[in-house]
Amino acid sequence: EVEITSQFPHAHGSPVCIGCPHSIGITDIYNPDFGDAVDVLDDELPVFHACGVTPQNVLLESQEVEFAITHSPGFMFVTDLPSDAPPPAP
């Protein structure tokens, strides 16, 4: 999976964590802050990608951001940038 998703930095890109949810502050994998919990079977390894819901919460709690374009949970933001385009320069 890492080899596949890392090729799409404009989308989720590479995982932020593979295997240990506690290392990124997840205390209970079966009680997520957003969305539905999924079963992780004994022969499976959890993989975590960056998510747009987290920055959305920051925007909602911010008193400084007057306008933002984002997406709805479960629905990706649509743009005219091709998925295979190189990332923009910083």
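Accessible areas here come from the Shrake-Rupley method with a 1.4 Å probe. On that basis, the chain in this predicted model exposes about 7,600 Å², and carbon and sulfur atoms supply 58% of that area.

**Overall form**

Two helices and two strands account for the secondary structure of the chain. Read from the N terminus, the elements follow the order α-β-β-α. The radius of gyration is 15 Å, well over the 12 Å given by the globule rule for 90 residues, so the chain is more spread out than a compact globule. Taken along the principal axes, the box filled by the C-alpha atoms is roughly 40 × 35 × 25 Å.

Buried residues make up 12% of the 90 residues. As for contacts between residues at least 6 apart in sequence, 49% of them join residues at least 24 apart.

**The nonpolar patch and the loop between the strands**

Val2, Ile18, Leu45 and Val47 make a nonpolar patch on the surface, with an area of about 320 Å². One of these residues, leucine 45, sits in the loop that runs between strand S1 (17–18) and strand S2 (47–48). Leucine 45 has a relative accessible area of 56%, and because the cut-off for exposed is over 50%, leucine 45 counts as exposed.

Isoleucine 26 is also placed in the loop between S1 and S2. Its relative accessibility is 26%, which makes isoleucine 26 partly exposed. When neighbours within four places in sequence are left aside, isoleucine 26 is in contact with Pro21 and Phe48. From isoleucine 26 to valine 16, the C-alpha distance is 12 Å, with their positions 10 residues apart in sequence.

**Cysteines**

A disulfide is a covalent bond between the sulfur atoms of two cysteines. The structure holds zero disulfides. Cysteine 17 is in no disulfide, and the cysteine sulfur nearest to its own, that of cysteine 20, is 6.2 Å away. Cysteine 20 is likewise in no disulfide, its nearest cysteine sulfur being that of cysteine 17, at 6.2 Å. A disulfide needs the two sulfur atoms within 2.5 Å, so the pair at 6.2 Å does not qualify.

In accessibility, cysteine 17 is buried, at a relative accessible area of 6%. Cysteine 20, with 39%, is partly exposed.

**The segment after helix H2**

Glutamine 63 is found in the segment that follows helix H2 (53–61). It is exposed, with a relative accessible area of 76%. Threonine 79 lies in the segment after H2 as well. The relative accessible area of threonine 79 is 42%, so this residue is partly exposed.

Three residue pairs, with their separations along the chain and in space, are set out below.

| Residue pair | Separation in sequence | C-alpha to C-alpha distance |
|---|---|---|
| Glutamine 63 and leucine 41 | 22 residues | 42 Å |
| Threonine 79 and leucine 60 | 19 residues | 22 Å |
| Isoleucine 26 and valine 16 | 10 residues | 12 Å |

The pair from glutamine 63 to leucine 41 starts at an exposed residue, whereas the pairs from threonine 79 and isoleucine 26 start at residues that are partly exposed.

Technical notes
Residues are numbered from 1 along each chain as its sequence is written. This is a predicted model: local features need pLDDT of at least 70, side-chain atom pairs count only at pLDDT 80 or more; totals for chains, interfaces and linings use all residues. Side-chain values use heavy atoms; hydrogens and water are left out. Helices (H or I, at least four residues) and strands (E, at least two) are DSSP runs, numbered from the N terminus. The radius of gyration is taken over C-alpha atoms; the globule rule is 2.2 Å times the number of residues to the power 0.38. Buried means under 20% relative accessible area, exposed over 50%, partly exposed in between (1.4 Å probe, protein chains only). Contact means heavy atoms within 4.5 Å. Patches are made of residues with over 30% relative accessible area and no salt bridge: like charges are joined within 9 Å, nonpolar side chains (Val, Leu, Ile, Met, Phe, Trp, Tyr) within 5 Å. A salt bridge is a side-chain nitrogen of Lys or Arg within 4 Å of a carboxyl oxygen of Asp or Glu.
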